[in-house]
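Trainee: Could you walk me through this fold, starting with how the helices sit on the sheet?
Mentor: Gladly, let's look at it together.

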Amino acid sequence: MDFQNFLTNKIKLLARQFSYLGFKAEQNEISGFYFVEVTPMEEFRNNNILAKQIRDIYLEQLEKYPSESLSFITTDSYYKITTPFLDIEAKHYELSNIISS
């Protein structure tokens, strides 16, 4: 499996676990680096369970694909994703649906 497929599979797993988050992934044409944007920014910065999952992806990437570069970012990053190879929108739930469940 190539790195882009590996990353796509990992992001899809994250999206299933954290359906209220959005994910975009892109490989920079010039540097070859991979960027994954996670939204909303507050969850990216404050969710410890998400942070552990991202750390595990980094560790697996370093073991299996040491020559690839990967960075998880958010919307306030200097780098902006413009042509994603993967774009998963967050599922928004209305508060009334959550309360009645």
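Mentor: Bear in mind that this is a predicted model. Helix H3 lies across strands E2 and E3.

Trainee: At about what angle does H3 run to E3?

Mentor: H3 crosses E2 as well as E3, and the angle here is taken against E3. The value is about 165°.

Trainee: What is the strand order in the sheet?

Mentor: Four strands make up an open sheet with mixed pairing. Its edge strands, E3 and E4 (86-88), each pair on one side only. Within the sheet, E1 (residues 22-27) and E2 pair in the antiparallel sense over six bridges. The order is E3-E2-E1-E4.

Trainee: Which residue in E2 is the bridge partner of Glu26?

Mentor: E1 and E2 are joined by six bridges. For Glu26, the partner in E2 is Phe35.

Trainee: How many residues apart in sequence are the parts that Phe3 and Tyr34 tie together?

Mentor: Phe3 and Tyr34 form an edge-to-face aromatic pair, 4.8 Å centre to centre with 75° between the planes. Phe3 belongs to helix H1 (residues 3-17) and Tyr34 to strand E2 (residues 34-39), so the pair ties together parts separated by 31 residues.

Trainee: In the Tyr58 and Phe72 pair, is Phe72 buried or exposed?

Mentor: These two rings are also edge-to-face, at 5.4 Å centre to centre and 80° between the planes. Tyr58 is partly exposed, with a relative accessible area of 26%. Phe72 has 8% relative accessibility, and the cut-off is under 20%, so Phe72 counts as buried.

Conventions:
Residues are numbered from 1 along each chain as its sequence is written. This is a predicted model: local features need pLDDT of at least 70, side-chain atom pairs count only at pLDDT 80 or more; totals for chains, interfaces and linings use all residues. Side-chain values use heavy atoms; hydrogens and water are left out. Rings of Phe, Tyr and Trp (its six-membered ring) pair if their centres lie within 6.5 Å; planes under 30 degrees apart count as stacked, over 60 as edge-to-face and the rest as tilted. Helices (H or I, at least four residues) and strands (E, at least two) are DSSP runs, numbered from the N terminus. Buried means under 20% relative accessible area, exposed over 50%, partly exposed in between (1.4 Å probe, protein chains only). Two strands pair if DSSP finds at least two bridges between them. Contact means heavy atoms within 4.5 Å. Axes are lines fitted to C-alpha atoms, for helices over the stretch in contact, and angles run from 0 to 180 degrees between N-to-C directions.
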